[in-house]
Amino acid sequence: MSHDETFTEFLTRRGVSRRSFLAFCTATAAALALPAAAARELAANLAVARRPSVIWLSFQECTGCTESLTRSGEPTVEALILDHLSLDYHHTLQAASGEAAEQARRDAMAANWGSYVLVVDGSIPTADGGVWSTIAGVTNLEMLRETIEGAALVIAVGTCAAFGGIPAAAAVTAPNINQSGARSVGELMDAGEIVTRTLINVPGCPPVPDVISGTIAYFLAYGTAPELDDQRRPIPYYGTTVHEQCPRIWHYRNGEFAFAFDDERAQQGYCLYLLGCKGPETRNACPRVRWNLNTSFPMHSGHGCLGCSEAAFWDRALAVDGSGFTGSCFYPDVRP
Amino acid sequence: MSTIVVDPVTRIEGHLRIEAETENGIISRAASTGTMLRGIENVLIGRDPRDAWAVAQRICGVCTLVHGIASVRAVENALAYPIPPNAELIRNLMISAQFVHDHVMHFYHLHAMDWVDVVSALSADPQAAADLQQCLSPWPNSSASYFSDVKQRLSGFIGSGQLGIFANGYWGHPEYKLPPELNLIAFAHYLEALDWQRKVARLHALFGGKNPHPNFIVGGAPCALGGTAGATAVDDQGLALVGEIITDMRRFVDEVYIPDTLAIARYYKDWAQRGEGVGNFMTYGEFPDPLSGADEMGRLFIPRGVILNRDLSTIHPVDLSDETQIQEYVSHSWYNYSGGQDQPLHPYAGETRPNYTGPQPPYDNLAMDQAYSWLKSPRWKGKPMEVGPLARVLMLYASGHETTQTLVNETLTELKLPLSALYSTLGRVAARTLETKLIGDQMAVWYDQLLGNLQSGDSRTHNDELFYPDTWPSSAQGAGYTEAPRGALAHWIVIQDRRIANYQAVVPSTWNAGPRDAQGQEGPYEAALKGHRIHDPQQPLEILRTIHSFDPCLACAVHLMDLDGGSQIRVTVS
Ligand code: SF4
């Protein structure tokens, strides 16, 4: 942007909808009781001190990951969306609907080309030409392809975006085990279906609130991804199993196990391994970061870990030939 | 005739699209489309029924526990599997906490921007806002300096030029009627509600280990009570925190949510005359009292039933297992039925066979006369039903629940509106607020019952008598009911050889947002949009108001299309 060029000209050159931007500046100037001529000045001043733009795409998802983000204690979602980020496209939270929402996405892409953060929740269906999920008449894959081009960083939030999740779980009666051809962001990148960008996987169904916001905060502070493991997960959060962090591990080591969900041993906080806890095979931060303002985590309340941050955790009991389930994915038989 | 398309409809859960035909600016016909399918019912087939709750719960992360509840109840219903009273009370507390949490978030974070002009708040006088807040309620955040700070935060944000989530809103639309001070108060409460919801979600974390997606279990509740301090999350200190959270919930509802609803409603009384829908209402009921000696139906706090054509004098009984009552059509849906498209199926015999026949993406319009949605069309005895807060409040009112009658009558008197005002967009908003109070207040009762049980030495939370599949009959089927914040929800399960042979979920937004049936009868969204005058087709705020009043749980779209000159105008919804 040259010194002679006004911000609105700059935006126009980048393909931003000038009309909607100026209309907003005019309305804002009026609300601030500024003279009408101040709208242009306002527009020019808006060019400085930009917060990083975030575009959040939701595909085959349940909105649990967004809900989880709103439960984050540090930083809070208010601080993120008002003070630290510019959340320019997010179906659940944004004011605009329809074509105006799509315009907001295009505006944000054009104004921040090469520097915005793309967050994806939900998997991307690839079967049947992508008709399993469309937004504004466009397939999820097409929207992802277009939006990832100008992204500096991609964060796949939740097990669906990171590993395929529930939509990719086995449907043993359907013609294909993964009916909709649901794919993770990483799978599409590795297959060359979308361009390659720095990708952080933040799995969990949903991820721990503070793990989502902490990953974003790390990027804000250092301008880069934290150290990642071979599944592209941030090592600070996914470096150890939940079992290694679980306060019940002393009972585990002493061979003290609960045999029923409400027996005396369960009441005294004994280890839940025999009731199906998947803590030893699950990498996540639940016992350390804990959920909902440090309140609890599954094993602390009394149900074993489901293993929800691991790929294919829904299909643990699927027969190797894929023909059916051999038992429960979560509950072994512990009767004497 | 013109057609308006809105896709994506935002500030909802999921993917919804709306197309509305207008004549002289008035909607004459609308189509509601769910544009995303995951096929979770098919994923469930073949699995162990005890695993179903965890998979089914992921149908929705917003009303995050309702599918888990419906699922465990379906299995328990199939197996005639009783659960301990404490488990019932813990479930009641978790479901009711979901109602209070979800309704407040819907009001402030999903629906408010249809009524509240955020930009107008910039011209509010903080002192006048403080005076107004002090008249509204005793809520402590009411000083001029508080509102001055909030205003400064907002103007700093908007002044940065990066409008983030507020970009391209319909700010300045003439349908926004609130004075700047009330807009500022509502924005302040938007932020306060974000903070509040984070704290009250801890109730789910205590009993279920986390929120969203707390844990459940067939046969009871997966949180052992009665251990020594620190042994589990629900030790004495954890249980005391539950009590504090309930108090915080009720206070926010009484001092913020109710006063704001009434204050805002006063400026939008014209919305008490539009947006009704189909005039039929259905509930499955909720909150069984485990200590009551009444029969299954008699012990429900919210009764089960159907109200037809606004007739509050008769409540028709609903039977989830009667194959002639609840049925789903796919005449206008992208599915195949093996017995023919126009033959409805009861959920026990339900089928989920995707058969997309819509246009190949990218597309501009769907064909309203053919199949146009991933949603099916559920019907009760062939009739479309509205489900949700309005249905529940009407059911409580019609069944003679005195507290409800008093609350409804006082609210209508205060707003100077007749009873018929309930059958509207505004009525739906008000019903949601009123039931939040009814259910929030009831939480204290269930909490006391739980503590009383524990004190009398009953700490059972799980019945494992029927937990292992070798104790089951070789085949069984059952229906699990619940009331989700958005309305009546049930899951139907067929179990054969200890595995799931069929599984169907008929969800509230399918009742409300589903397409036409074989007879061409519209669903509630479609019926409710008819007759709306759209002030500016470029900014169809009116469509969003009525659609959001249902609190959709899917992603939507609305398009405007000019059929007069044969040309089609794609309208910007901004
Ligand atoms: S409860 Fe689970 S995570 Fe904790 S010690 Fe036992 S097996 Fe490990």
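1. Helix 5 of chain A, residues 77-84, is a good place to start in this predicted model. This helix is mostly covered, with 6 of its 8 residues buried. The buried set consists of V77(A), E78(A), A79(A), L80(A), I81(A) and L82(A).

2. You may like to look at what does the covering, since both chains contribute. From chain A, the cover over the buried residues of helix 5 includes helix 4 (64-70), strand 2 (86-89) and helix 10 (209-222). From chain B, it includes helix 6 (144-159) and helix 7 (180-200).

3. Helix 7 of chain B deserves its own look. Its axis lies 9 Å from that of helix 5 of chain A, and the two helices pack at an angle of about 145°. On the chain A side, V77(A), E78(A) and L82(A) make the contact, while helix 7 of chain B brings L191(B), L194(B), D195(B) and R198(B). By residue class, this contact divides into 4 nonpolar and 3 charged, with no polar residues. V77(A), E78(A) and L82(A) are also among the buried residues of helix 5.

4. For the wider setting of that helix, chain A has 16 helices and 9 strands. Of its 336 residues, 66% are buried. Among contacts in chain A with a separation of 6 or more, 70% are between residues 24 or more positions apart.

5. Within chain B, do have a look at helix 4 (residues 85-111) and helix 15 (residues 541-549). Their axes come within 11 Å and cross at roughly 165°. Angles over 145° count as roughly antiparallel, and these two helices are therefore roughly antiparallel to each other. The crossing is right-handed. Helix 4 of chain B contributes H106(B), L110(B) and H111(B) to the contact, and helix 15 of chain B contributes R545(B), H548(B) and S549(B). The residues of this contact divide into 1 nonpolar, 4 polar and 1 charged.

6. One last residue to click on is N280(B). Where does N280(B) sit? It is found in the loop between helix 9 (236-265) and strand 4 (281-283) of chain B. N280(B) has a relative accessible area of 5%, and residues under 20% count as buried, so N280(B) is buried.

7. The surroundings of N280(B) can be listed too. Leaving aside residues up to four places away in sequence, N280(B) touches I307(B), L308(B) and N309(B), as well as K383(B), P384(B), M385(B) and E386(B). With P384(B) there is also a polar approach: a polar atom of the N280(B) side chain lies 3.0 Å from the backbone oxygen of P384(B).

Methods. Residues are numbered from 1 along each chain as its sequence is written. Chains are lettered from A and ligands numbered from 1 in the order in which they are written. This is a predicted model: local features need pLDDT of at least 70, side-chain atom pairs count only at pLDDT 80 or more; totals for chains, interfaces and linings use all residues. Side-chain values use heavy atoms; hydrogens and water are left out. Buried means under 20% relative accessible area, exposed over 50%, partly exposed in between (1.4 Å probe, protein chains only). Helices (H or I, at least four residues) and strands (E, at least two) are DSSP runs, numbered from the N terminus. Contact means heavy atoms within 4.5 Å. Axes are lines fitted to C-alpha atoms, for helices over the stretch in contact, and angles run from 0 to 180 degrees between N-to-C directions. Angles under 35 degrees count as roughly parallel, over 145 as roughly antiparallel, 65 to 115 as roughly perpendicular and the rest as oblique. A crossing is left-handed if the near helix is turned anticlockwise from the far one by less than a right angle, and right-handed if clockwise. Ala, Val, Leu, Ile, Met, Phe, Trp, Tyr, Cys and Pro count as nonpolar, Asp, Glu, Lys and Arg as charged, and the others, Gly among them, as polar. A polar contact is a pair of N or O atoms within 3.5 Å; within protein, one must be able to donate a hydrogen and the other to accept it, and residues adjacent in sequence count only if both atoms are side-chain atoms.
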